[in-house]
Structures are given as C-alpha cells and as structure tokens.
Amino acid sequence: MTKILKCFLVILTFIPSLCFSVDDALFLELAKISEESIHSINPVTLDSNGDRVISDTLFISEKVSLDKPNEQSEQRRMLKAKFQSYIARNKELIKQINSGEIAIPDGDLKLNTRLDLTNNQRFLESSYEDFTENKIEGNIHYYLTNVNDENVIISRTEIEEDLSGIKTLEVDLVMSNPDNILKNRLNLQGAVKRASVDNIRSIIRDIRTNNPTIKKVVAYVISPILESNYRRMGFETLFCL
C-alpha cells in the first residue's frame with residue numbers, strides 16, 4: 001500500500017463513525033466472513049484445446065515471515081532466489097513482447113499483457129528489497145500459493161495497529177509467476193486460474209487461526225481481475241471506522 005494511503009488511514013482513525021472510500025483500496029470486515037467461504041479450492045488449468053480442467057488436488061499454501069535474517073531462514077533465502085528468477089523472467093517476457101518475438105496480433109491484448117507484466121515487475125522489485133536489505137520485521141509476511149510445487153501467486157502483507165489498538169492486515173502487493181500471466185492472457189496450455197482466490201483465502205485462514213486480534217483486511221489492488229476476485233470474497237470499497 002502507498003505511504004500516502006497509509007497516512008490517510010491513520011488520520012481517519014481520529015474521526016469516529018465515519019465511512020469513506022479510497023481509490024484502488026478494498027476493505028473487508030473479517031466478522032462478515034464465514035468459514036465455508038475460505039476453504040481451500042481446486043486449481044483450474046487450461047489443456048491443449050484451451051478447455052478448463054479442474055484439478056483433483058487443492059492449492060498448496062506457504063507462509064514466509066521476515067522475523068529472522070536471511071542467514072537464519074532457509075525459507076527467506078529460497079524466496080529471495082525466487083524473486084530473482086521472477087524479476088529476470090518478467091523482464092525477458094516484456095522484452096520479447098516489445099520485439100515481436102512473442103507475437104500478439106491483437107493490439108489491446110498486447111497492451112494489457114504488457115501492462116500486467118510491467119506492474120508485476122514493479123511489485124517484484126519492491127518486494128525484493130525486503131531481502132536485499134535483509135529487513136527483519138515480524139509484522140511482514142509473504143503468502144505463496146502453489147500448484148504441484150510450482151508457485152503461482154505471492155502476496156506481501158503487513159500488520160498495522162492504530163492508536164486505539166485495532167490491528168489491520170494490509171495486502172499491499174500481489175505478484176504472479178510471470179509465465180502464468182502470459183499463459184492466462186493468451187489462454188495458453190498450462191495456465192493456472194483461481195490462484196489469487198485461494199491466496200486471499202489462505203491469508204484469512206491464517207490470521208483467524210494465528211492472529212485473531214486482526215479485525216480488518218485492506219487490499220491495495222490495481223488489477224481488474226484481482227479486484228473482481230476480492231469483491232467476490234466480500235471486499236468493499238467503502239470502509240467504516
């Protein structure tokens with residue numbers, strides 16, 4: 001989430017009984033979410049004919065905390081290496097689209113695919129700084145959603161506490177495996193769908209179990225697809241204090 005938005009939310013905590021909306025931010029009251037709505041789900045993939053196939057296995061969730069330095073956490077080191085790989089691959093895909101090596105005849109589709117990858121690049125590089133700077137912060141966690149040991153989605157979250165002691169979980173960055181972005185945009189074989197849905201469900205399941213003092217979730221989203229998935233979960237533009 002942007003620093004301006006964070007400051008805005010802190011200021012508004014001084015104003016009681018107020019509802020407001022913030023561009024690109026969605027809000028969720030955890031008390032409104034039922035257990036049935038956060039169960040893990042099955043991945044949907046595209047086969048060689050472009051048809052959707054529901055997997056027999058569930059998504060696999062993983063959580064990486066930044067409470068220890070890179071040297072003391074194998075999970076952190078592995079995630080750092082994954083970010084390195086994704087950043088390089090993401091750059092290469094953008095380069096191949098720009099050069100025409102990856103041909104996308106439809107102009108709008110080409111523009112939207114490149115935009116998705118460009119935003120993904122920004123988010124990946126921003127998150128990677130947590131590891132290059134060896135940031136140690138117990139309130140920052142990364143949630144990974146995997147299919148058959150292959151990662152699809154990574155979300156960066158941070159727990160914030162206002163002056164009244166109310167804790168909010170912020171989903172400030174949601175990143176994708178670059179190849180899955182391309183496959184989904186072009187409807188290619190192997191594209192994995194529904195990963196972002198399972199990802200946010202896994203986040204809510206975790207905080208309900210391990211940090212029940214968190215009452216609200218705020219997600220900063222710019223992707224229309226991600227926004228649609230979050231809204232189906234119950235996220236709303238309106239936020240009430």
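A residue counts as buried when its relative accessible area is under 20%. Keep that cut-off in mind as you explore these close-up views of a predicted model.

**View 1. Alanine 195 sits in helix α5.**
With a relative accessibility of 4%, alanine 195 falls under the 20% cut-off, so this residue counts as buried. Who keeps alanine 195 company? Leaving aside neighbours within four places in sequence, alanine 195 is in contact with Phe59, Thr145, Val152 and Ile153. Look also for asparagine 146: along the chain, alanine 195 and asparagine 146 are 49 residues apart, while in space their C-alpha atoms are 8.0 Å apart.

**View 2. Serine 196 also belongs to helix α5, which covers residues 195-210.**
Is serine 196 buried or exposed? Its relative accessibility is 12%, and therefore serine 196 counts as buried. Setting aside neighbours within four places in sequence, you will find serine 196 in contact with Ile153, Leu226, Asn229 and Tyr230. You will meet serine 196 again in the last view, as one of the residues nearest the centre of the largest pocket.

**View 3. Six strands make an open sheet with mixed pairing.**
Follow the strands in the order β2-β10-β8-β7-β6-β5. Why does one side of β2 and of β5 lack a neighbour in the sheet? Strands β2 (25-29) and β5 (60-66) stand at the edges, and each has a single partner strand, so one side of each is left without a neighbour there. On average, neighbouring strands of this sheet are turned by 25° against each other, direction ignored. As a helpful background point, strands of a sheet pair through backbone hydrogen bonds, either parallel or antiparallel.

**View 4. Two antiparallel pairings can be picked out in the sheet.**
Strand β6 (residues 137-147) pairs with strand β7 (residues 150-161) in the antiparallel sense, over eight bridges. Here histidine 141 has threonine 157 in β7 as its bridge partner. Now move to β2 and β10, which pair in the antiparallel sense over five bridges. Glutamate 29 stands opposite lysine 216 in β10. Four of the five residues of β2 are buried, so β2 is largely enclosed by the rest of the structure.

**View 5. Helices α2 and α5 lie across strands of the sheet.**
Helix α2 (residues 74-99) lies across β5, β6, β7 and β8 (167-176), and runs at about 105° to β5. Helix α5 lies across β2, β5, β6, β7, β8 and β10 (214-220), running at about 140° to β6.

**View 6. Helix α2 meets helix α4 (residues 178-186), with axes that come within 8 Å.**
The two axes cross at roughly 35°. From α2, look for Tyr86, Arg89, Asn90, Leu93 and Ile97; they meet Pro178, Asp179 and Leu182 in α4. By class, this contact has five nonpolar, one polar and two charged residues.

**View 7. The largest pocket holds about 980 Å³ of space.**
How many residues line this pocket? There are 38, and Ser176, Ser196, Ser223, Ile225 and Leu226 lie nearest the centre. The elements that give two or more residues to the lining are α3 (107-132), β7, β8, α4, β9 (192-193), α5 and α6 (224-233). Helix α3 gives the largest share, with seven residues. Sorted by class, the lining has 19 nonpolar, 11 polar and eight charged residues.

Note on methods
Residues numbered from 1 in each chain as written. Predicted model: local features only at pLDDT ≥ 70, side-chain atom pairs only at ≥ 80, totals over all residues. Heavy atoms only, no water. Buried < 20%, exposed > 50% of the residue type's maximum accessible area, 1.4 Å probe, protein only. Contact = heavy atoms within 4.5 Å. Pairing = 2+ DSSP bridges. Axes fitted to C-alpha atoms, helices over the stretch in contact; angles between N-to-C directions. Nonpolar A, V, L, I, M, F, W, Y, C, P; charged D, E, K, R; others polar. 1 Å grid on protein atoms, 1.4 Å probe; cavity = no way out; pocket = protein on both sides within 12 Å on 5 of 7 lines; lining within 4 Å. Points joined across faces, edges and corners; volume = space filled by probe spheres on them.
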